[in-house]
Every structure is written in C-alpha cells, then in structure tokens.
Amino acid sequence: MKIVFFGTPQFAVPTLEKLLNHPEFQVLGVVTQPDKRRGRGNELIPSPVKTIATANNLPVWQPQRVKKDTQTLTQLQEIGADVFVVVAYGQILSQAILDMPKLGCVNVHGSILPKYRGAAPIQWCLYHGEKETGITTMLMDAGMDTGAMLLKATTPIGLLDNAQDLAEKLATIGADLLIETLLKLEAGEIEPIPQDNSEATYAPLIQKEDYQLDWSNSAIQLHNQIRGFYPNCTTGFRNQPLKITATAPLGSAYWPELPLEVQDLYHKIPDLSTTSSSPGEVVSIAKGVGAIVQTGEGLLLLREVQLAGKRPQSGWDFVNGTRLTVGEVLESYQL
C-alpha cells in the first residue's frame, strides 16, 4: 500500500516509524508543518516528523498552507498514493486533498470520538477528569473530526497521568491501531460508522488564560487543570510567576492511586482539613515531599514546581530553596 504521511509533532512519530518498518506499506513522502524558530539562538528547528523523514531519505513537503500551495497539490495528485495517513498534522485539508488517494484519508485521533473533537483532545479530557480515553481511526471528511469512524482502542487514565504521559501512551496505541486499520480497510473488513453528532464534545486550542490557576477552585479541579495543561499552569509566588507542574489531591477518594510517600500523609490530613485557611494558603509542609495548599474545596500537595528562569524541581526542594513557611499564600498571576 502506497502512503503519504501528514504529521508534525512527536505524537505522530510512532505511527510513521511503524509504517516505515512494516513490509506491507511504502511511505512515498511526508507532509509536515514548516520549520519553526525556537530557543535563544532563534534557530530553525524541524518538526519531529521531518527529522524522521529526513533520516529515512523521504521526500518532505512543508507548505505554509497546504490547500493553497499549487505545487504541493500537483505533486500529491501525481504521486499516486493509495491512502493519506494524517496524525496531528496541524492544518485543515481541503476536499480536493481528501479526494486524491484511492482509499481516502485516514486520521489517527487522540480521543474516543465523537468526544473531544478538535485540536487538544488529550489536554481537555484530563482537564475534565475523564477516567478513560483512547484512539479513534476515521475516514476524514471536510468537517473538524467529523468523519466516519473505523476502529477504536481505549486505555485507562491514571490519577497522576499528565498530558505528556498520556500522549506518549496514546501515540503507541495509535500506531498499532493505524496498522490494523489500514490492513482491514484494504481487505474490505471494516464498515465505517458515522458519528453521532448529538454526543460530540469539543477540545479547542488552549488559550493563555487556561493556564491561570484559581485557588478558589477545588483541589481535584486544580489538579486536573495542572496535569491537563502540563507544564504551563501558573500561580503567583512572592510577586513572581510560579509554574505548578505536578500535584496530588489529598483525601480518601485518592489515596489508593497516590505514591507511598504521599499515602504516608494520610494520618495528618484529618487535622489539616479542619483548618479555616484561605484558598491558596500553605497549611502544612510535608517533610521530604512538599507544601500542602488549601483550595476552595480540599487540599492539594505541590509535588513539582518551576520558578521563573529555573529548571523544574521537586516540591521539597522548592520548600527548602525558598524557605517556604506555613501561612504564605499563592495568588493568581496575570499571564
């Protein structure tokens, strides 16, 4: 089967690698986003997908807008692919592109459709506290993740999984599911299933304000926001921004899923829960672990943080390095 692969971030790499190493498939070329300038040196950095494509001597197209680039469109039409595989490419494909390959365009989407259509399904499913997610392969149409579904695979979400952890897990699942999908599609063993639009939910692009922490929210809401939008959620600490990158909600509902060093706090929590502290206030320092903060409902342990201009550090190193004391208050910070 002859394939053109559309993809950009690390999430797409396992699928491309699986296709390159499978005897039934021939990757004719890769379409990916243009190189971006990053870092202090403002260097042009290729996408992870381009890096893999270049290492395998594949032709690479990087149009600014693929549906408007006549040269790329002509080459894609002439290449004679059986299928276009699309994994987190980052641009909308026109109907003209969707109609080019014989078997259509197959997308690997990071949710159980029709839930979490859109640009950030992994992040928003964590934000909303889902206990399960997965991968859906689908035949693309002109809508935003509205095409007929082909195959699904599910996986549980752990309480401490963040967006990076979950993306790595789903990328591997997606690669395997895509191989199965293509083989069954070619053999005529899949009946595409239309999505029920009435059950659809959306996962839009994340905005800067989504990273702002409001300590009047509950501990579990804050925890889900922090892991969902990892590693960018920010609060104010001594009039400076402080990123909170890992937390744990404390309470009987969560103990079984927490690490042993956090479970050891179990006997201290009943006493802390009776305090009348303000949201954002540090109510206790857990020796060797980190600070415990009052929220609008429940307590939140700070397991990892990142001070402005510094590397991420453990909650305990943060306590020691800043000489954090009980009674200090974390505040909202305008990004």
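**Exercise 1. The largest pocket**

Task: In this predicted model, state how many residues line the largest pocket and which lie nearest its centre.

Solution. Step one is the count: 47 residues line the largest pocket. Step two is the centre, where Pro-9, Ala-88, Gly-90, Ala-119 and Ala-120 are the nearest lining residues. Step three is the volume, which comes to about 1500 Å³. Step four assigns parts of the lining to elements: strand 3 (36-38), strand 7, helix 5 (121-127) and helix 6 each contribute at least two residues.

**Exercise 2. Helix 6**

Task: Check the end-to-end distance of helix 6 (residues 163-186) against its number of residues.

Solution. Start with the length: helix 6 has 24 residues. The expected span is 1.5 Å times one less than the number of residues, so a span of 34 Å should result for helix 6. The end C-alpha atoms of helix 6 are 33 Å apart, which agrees.

Next, look at the two ends. At the N-terminal end, Asn-162 acts as the cap, with a side-chain oxygen 3.0 Å from the backbone nitrogen of Gln-164. Beyond the helix comes Gly-188, with a positive phi near 70 degrees.

Finally, take burial. The buried residues of helix 6 include Leu-166, Leu-170, Gly-174, Leu-178 and Leu-185. Ala-163 and Thr-181 are also among the buried positions.

**Exercise 3. The open sheet and Met-149**

Task: Give the strand order of the seven-stranded open sheet, then describe the surroundings of Met-149.

Solution. The order is 5-2-1-6-7-8-9, and the pairing is mixed. Strand 5 (60-61) and strand 9 are the edge strands, each pairing on one side only. Inside the order, strand 6 (residues 83-87) and strand 7 (residues 105-109) run parallel and are joined by three bridges. Phe-84 stands opposite Cys-105 of strand 7.

Met-149 belongs to strand 9 (residues 149-156). The cut-off for buried is under 20% relative accessible area; Met-149 has 9%, so Met-149 counts as buried. Leu-139 is 10 residues away from Met-149 in sequence, with a C-alpha to C-alpha distance of 6.4 Å. Apart from neighbours within four places in sequence, the contacts of Met-149 include Thr-136, Thr-137 and Met-138. Leu-113 is another contact of Met-149, as are Glu-191, Pro-192, Ile-193, Pro-194 and Gln-195.

**Exercise 4. Two hairpins that share strand 13**

Task: Describe how strand 13 (residues 290-294) pairs with strand 12 and with strand 14.

Solution. Begin with strand 13: five of its five residues are buried. On one pairing, strand 12 (residues 282-286) and strand 13 are antiparallel over four bridges, and Ser-284 has Ile-292 as its bridge partner. Three residues separate the two strands of this hairpin, and Gly-288 in the turn has a positive phi of about 80 degrees.

On the other pairing, strand 13 and strand 14 (residues 299-307) run antiparallel, with three bridges. Gln-294 is bridged to Leu-299 of strand 14. This hairpin has four residues between its strands, and Gly-298 takes a positive phi near 95 degrees.

**Exercise 5. Backbone exceptions**

Task: Locate the cis peptide bonds before Pro-114 and Pro-231, and state whether Asp-145 and Arg-323 are buried or exposed.

Solution. The background is that most residues other than glycine have a negative phi, and most peptide bonds are trans.

First, the peptide bonds. The bond from Leu-113 to Pro-114 is cis, with omega near 10 degrees; Pro-114 sits in the loop between strand 7 and helix 5. The bond joining Tyr-230 and Pro-231 is also cis, with omega about 5 degrees. Pro-231 is in the loop between helix 7 (219-228) and strand 10 (234-237).

Second, the positive phi values. Asp-145, not a glycine, has a positive phi of about 60 degrees. Asp-145 is in the loop between strand 8 (132-139) and strand 9, and is buried at a relative accessible area of 11%. Arg-323, also not a glycine, has a positive phi of about 55 degrees. Arg-323 lies in the segment after helix 10 (315-322). The cut-off for exposed is over 50%; Arg-323 is at 70% relative accessibility and therefore counts as exposed.

Technical notes
Residues are numbered from 1 along each chain as its sequence is written. Side-chain values use heavy atoms; hydrogens and water are left out. Buried means under 20% relative accessible area, exposed over 50%, partly exposed in between (1.4 Å probe, protein chains only). A polar contact is a pair of N or O atoms within 3.5 Å; within protein, one must be able to donate a hydrogen and the other to accept it, and residues adjacent in sequence count only if both atoms are side-chain atoms. Contact means heavy atoms within 4.5 Å. Two strands pair if DSSP finds at least two bridges between them. On a 1 Å grid over the protein atoms alone, a cavity is a set of points where a 1.4 Å probe fits but cannot get out, and a pocket is an open set with protein on both sides within 12 Å along at least five of seven lines; lining residues have an atom within 4 Å of a point. Grid points are joined across faces, edges and corners, and a volume is the space filled by probe spheres set on the points.
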